[in-house]
Amino acid sequence: MQSSNRRSKTIVDLVDAVTYADETSSGDTKLLFRHTLTPVEGGTQVTHRLEISGPSAAEVGPELGPQISGDFDTSMAKLFEQARVLANGG
């Protein structure tokens, strides 16, 4: 059975070592995920931003936003650990 709730994901911004952004569309709702890298003393600061837009954004945003972004910390910690291992020759 095919879902009527089709999703598409598109990279909308990509600058090496600066930013990555992708947009996911589902019906009339768009989710823009932006990850920005900023050099800081001793490393890199990563900022994550989620923007929800579309006619139903005001309705679905308060519930959907926390559900989606709730695991950002865990996901990013795993990603950073893998990056550290690769940076150290692993």
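Here are some short exercises on the chain shown above, which is a predicted model.

**Exercise 1. Get the overall layout**

Work out how many helices and strands the chain has, and in what order the elements run.

*Solution.* Start by counting: there are two helices and four strands. Next, walk along the chain from the N terminus, and you'll read β-β-β-β-α-α. Now ask how spread out the chain is. Its radius of gyration is 16 Å, while the globule rule gives 12 Å for 90 residues, so the chain is more spread out than a compact globule. For the outline, look at the C-alpha trace, which spans about 45 × 30 × 25 Å along its principal axes.

**Exercise 2. Pair up the strands**

Find which strands pair with each other, in which sense, and over how many bridges.

*Solution.* Go one pair at a time.

- Step 1: strand 1 covers residues 7-15 and strand 2 covers residues 19-26; they pair in the antiparallel sense, with eight bridges.
- Step 2: strand 2 also runs antiparallel to strand 3, residues 29-40, and eight bridges join these two.
- Step 3: strand 3 then pairs with strand 4, residues 43-53, in the antiparallel sense over eleven bridges.

To check the pairing on screen, pick out residues that stand opposite each other. Thr10 faces Glu23 in strand 2, Thr24 stands opposite Leu31 in strand 3, and Val40 is opposite Gly43 in strand 4.

**Exercise 3. Look at the turns**

For each hairpin, say how many residues lie between the strands and which residue takes a positive phi.

*Solution.* Begin with strand 1 and strand 2: three residues sit between them, and Ala17 has a positive phi near 65°. Move on to strand 2 and strand 3, where there are two residues in between and Gly27 in the turn has a positive phi of about 65°. Finish with strand 3 and strand 4, again with two residues between the strands; here Gly42 takes a positive phi near 85°.

Now go back to Ala17. Its phi is positive although Ala17 is not a glycine. You'll find Ala17 in the loop between strand 1 and strand 2. Is Ala17 buried or exposed? Its relative accessible area is 56%, and the cut-off for exposed is over 50%, so Ala17 is exposed.

**Exercise 4. Zoom in on Glu23**

Describe where Glu23 sits, how accessible Glu23 is, and what Glu23 touches.

*Solution.* First, place it: Glu23 belongs to strand 2. Second, check its accessibility: at 23%, Glu23 counts as partly exposed. Third, compare sequence and space. Glu23 and Thr10 are 13 residues apart in sequence, yet their C-alpha atoms are 5.3 Å apart. Last, list the contacts, leaving out neighbours within four places in sequence. Glu23 then touches Ser8, Lys9, Thr10, Val12, Lys30, Leu31 and Leu32.

**Exercise 5. Sum up surface, contacts and charge**

Find what share of the residues is buried, and what the surface, contacts and charges look like in numbers.

*Solution.* Take burial to begin with: 19% of the 90 residues count as buried. The accessible surface comes to about 6800 Å², and 53% of that belongs to carbon and sulfur atoms. For contacts, consider those with a separation of 6 or more; residues 24 or more positions apart account for 15% of them. Finally, the charges: the chain has 8 positive and 12 negative ones, and their mean positions are 5 Å apart.

Technical notes
Residues are numbered from 1 along each chain as its sequence is written. This is a predicted model: local features need pLDDT of at least 70, side-chain atom pairs count only at pLDDT 80 or more; totals for chains, interfaces and linings use all residues. Side-chain values use heavy atoms; hydrogens and water are left out. Two strands pair if DSSP finds at least two bridges between them. The radius of gyration is taken over C-alpha atoms; the globule rule is 2.2 Å times the number of residues to the power 0.38. Buried means under 20% relative accessible area, exposed over 50%, partly exposed in between (1.4 Å probe, protein chains only). Contact means heavy atoms within 4.5 Å. Accessible areas come from the Shrake-Rupley method with a 1.4 Å probe; for residues, only the protein chains shown count as cover. Lys and Arg count as positive and Asp and Glu as negative; His and the chain ends are not counted. The place of a charge is taken as NZ of Lys, CZ of Arg, CG of Asp or CD of Glu.
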